[in-house]
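Here's a quick tour of a protein model for you. Have the structure open, and let's start on the inside.

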Amino acid sequence: MVGDMLKESIWGYAILTLGILAVGIIWFFANTTRTDQHNYNLLKETTEAAMFDALDLATYRKCKESDPESECVRIEEEKFVESFIRRFAENADLSNTYLIEIYDVNETPPKVSLKVSSTQDTSATGEIIEFNIVNNIDAILETKYKN
């Protein structure tokens, strides 16, 4: 009789331990997915806003005065990089370390290629496991053109 009760209590502890372990694993993967989604949305929105900030309006106005039918959209590389870094830093998750790599900035036509990396780590098993979360974007600034 005592042996049967002991067997049942061991099963209870085993189920409780597995439940806690399952919740921990689910929490870790949900946190990693949330970080990845946050980084992607931040990268996309920041790139778009920085490209609009970097528009060279003086060149656009001169071009439109000389030829109203032409499409002369140009961005300034330095302004884009400055605006992107500032906007990204304002909205980034402070618990992560980010590595921003700007591969290509074409001024005409406006195109940028970026890569943002961050590291997610856990020590659930006793040893530190790191996951690199990498998001890439190639963005082209499009404008509405009326003929």
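Phenylalanine 84 is a good place to begin: in this predicted model, its relative accessible area is 0%. The cut-off for "buried" is under 20%, so phenylalanine 84 easily counts as buried. Let's see what sits around it.

**The aromatic rings**

- Phenylalanine 88 is buried too, at 2% relative accessibility.
- Both phenylalanine 84 and phenylalanine 88 belong to helix 3, and they sit four residues apart, which is about one turn of the helix.
- How do you describe two rings side by side? You give the distance of the centres and the angle of the planes.
- There are three aromatic pairs by this kind of count, and phenylalanine 84 with phenylalanine 88 is a stacked one, with 5.7 Å centre to centre and 25 degrees between the planes.
- Phenylalanine 88 also pairs with tyrosine 98, this time edge-to-face, at 5.2 Å centre to centre and with 90 degrees between the planes.
- Because phenylalanine 88 is in helix 3 and tyrosine 98 is in strand 1, that pair ties together parts 10 residues apart in sequence.
- Tyrosine 98 is buried, just like phenylalanine 88.
- Put Phe80 together with Phe84, Phe88 and Tyr98, and you have one aromatic cluster.

**The nonpolar core**

- How many residues does the largest nonpolar core have? It has 19.
- Met51, Ile75, Phe80, Phe84, Phe88 and Val112 are the residues with the most contacts inside this core.
- Two or more core residues come from each of these elements: helix 1 (2-53), helix 3 (77-91), strand 1 (98-106), strand 2 (111-122) and strand 3 (129-140).
- Which element gives the most? That's helix 1, with four residues.
- Now find isoleucine 75: beyond its neighbours within four places in sequence, its contacts include Met51, Leu55, Val105, Val112 and Leu141.

**The whole protein**

- Zooming out, you'll find three helices and three strands.
- Starting at the N terminus, the order of the elements is α-α-α-β-β-β.
- Of the 147 residues in the protein, 27% are buried.
- If you take the contacts with a separation of 6 or more, 58% of them are between residues 24 or more positions apart.
- The protein's accessible surface is about 10,500 Å², and carbon and sulfur atoms account for 58% of that surface.

Notes
Residues numbered from 1 in each chain as written. Predicted model: local features only at pLDDT ≥ 70, side-chain atom pairs only at ≥ 80, totals over all residues. Heavy atoms only, no water. Core = buried A, V, L, I, M, F, W, Y, C linked by side-chain atoms within 4.5 Å. Buried < 20%, exposed > 50% of the residue type's maximum accessible area, 1.4 Å probe, protein only. Contact = heavy atoms within 4.5 Å. Areas by Shrake-Rupley, 256 points an atom, 1.4 Å probe, with all protein chains shown as cover. Phe/Tyr/Trp six-rings, centres within 6.5 Å; stacked < 30°, edge-to-face > 60°.
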